[in-house]
Structure formats: C-alpha cells, structure tokens
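Biologist: I've got the sequence and the model open side by side. Can you walk me through how the strands fit together?

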Amino acid sequence: MCCGCSDDVCYDNTSALALLRFYTSGTTTQVSPVATSIGGIGVPGDTLLLDSVTAGDVYLPLRPNVTTSQFKIRLCRIADNDTTFVTDTLTVGYTPLPYFVSHECGAMYHFRLNDVDVTRHLIDSVAIAAAVVTNVPQVSLRIYIPTD
C-alpha cells in the first residue's frame, strides 16, 4: 500500500439537511412547542419527520430535483384551559447546488435558501438564519411562535 492511498471508505456526513429551530415571537429565546408533528407535503407517503410531545431541533430534507419543498407543521395551542391543534404550511424555496465531496464519498447537494413563507395560522413568522444548507449542523430556519 502506498502513502496517500485510500481504503475507499466514506466517513463523511454527506446529508445536507436544513435545521429548523423554534423561538418565542419577537425574541431570540428558543422554545420547544408541545405536541408537535412535522411532515413533508408532496413526497411519497407525505413523510412524517417528527411526531413528538415536544419539539426541539428538526432536520428538514430538501429535494434536489425541485426548487421548492413544503412541510406541514402541526402545533398544540393551549389558551384558557382549551387545547386545540393548528396546522401551518411552511414553503421553502431554494437552489440545489451540486457539490463533489471526494472520490470515496461521491457527490452531494448543498442548498441555497432563497425564500420562505408560512401560512400564519399559529406561527407568527419564519426567517432564514443561514442562507446555505450544508452538512455542517447550523440553524437554517427560525420559526417564531407565540407563547402566551
């Protein structure tokens, strides 16, 4: 075996996923909404990404063969001792960026986030925190919700 030769094993994380995090409206305080579910819209089986009592960080897969992905976000609203579930739709517009990792790992996609929109039934707003999604874990999207 010569110096610098590879054993053709890929140890790198080649998944570029958009990291979504929830915050209290108008602040930088992170929150974990109660009874949260998040699923993909328009994908095979409308994939359920999260179904949890509380939600912290959520990784959203973006499809490289299109420039928009949608997700349904179901949150629990508790007001005046009444519990209701509210569903918002998050739309993420992006540009897929092919990226060659290495001979062993092959290619992957990074994504440039262009715009985001949300239906605002319960969610106040959404913001792009990092414009390029790579395989480095960093918050890509911030979702702001009321916590009163």
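**Strands, core and one arginine**

Modeller: Let's start with a pair: Pro96 has Phe111 in S7 as its bridge partner. Keep in mind that this is a predicted model, where local features need pLDDT of at least 70, side-chain atom pairs count only at pLDDT 80 or more, and totals for chains, interfaces and linings use all residues. Residues are numbered from 1 along each chain as its sequence is written, and side-chain values use heavy atoms, with hydrogens and water left out.

Biologist: In what sense do S6 and S7 pair, and over how many bridges?

Modeller: Strands here are DSSP runs (E, at least two residues) numbered from the N terminus, and two of them pair if DSSP finds at least two bridges between them. S6 and S7 form a hairpin with 3 residues between them. Their pairing is antiparallel, over 12 bridges.

Biologist: Which residue in S9 is the bridge partner of Phe111?

Modeller: S7 also pairs with strand S9 (residues 132-133), in the antiparallel sense over 2 bridges. In S9, the partner of Phe111 is Val133.

Biologist: What is the strand order in the open sheet of 4 strands?

Modeller: That sheet has mixed pairing. Its edge strands, each pairing on one side only, are S4 (58-61) and S8 (125-128). S8 pairs with S10 (residues 139-145) in the antiparallel sense over 4 bridges, and Ile128 has Leu141 as its bridge partner there. The order is S4-S1-S10-S8.

Biologist: Which strand gives the most residues to the largest nonpolar core?

Modeller: Such a core is a set of buried (under 20% relative accessible area, 1.4 Å probe, protein chains only) Ala, Val, Leu, Ile, Met, Phe, Trp, Tyr and Cys residues joined through side-chain atoms within 4.5 Å. The largest one has 28 residues, and those with the most contacts inside it include Phe22, Ile73 and Ile143. Elements giving two or more residues include S1 (17-24), S5 (68-79) and S6 (82-102). The top contributor, with 5 residues, is S7.

Biologist: Which side chain makes a polar contact with the side chain of Arg21?

Modeller: Arg21 sits in strand S1. Leaving aside neighbours within four places in sequence, Arg21 is in contact (heavy atoms within 4.5 Å) with residues including Gln30, Val139 and Leu141. A polar contact is a pair of N or O atoms within 3.5 Å; within protein, one must be able to donate a hydrogen and the other to accept it, and residues adjacent in sequence count only if both atoms are side-chain atoms. At 2.7 Å, the partner of the Arg21 side chain is the side chain of Asp57.

Technical notes: Buried means under 20% relative accessible area, exposed over 50%, partly exposed in between (1.4 Å probe, protein chains only).
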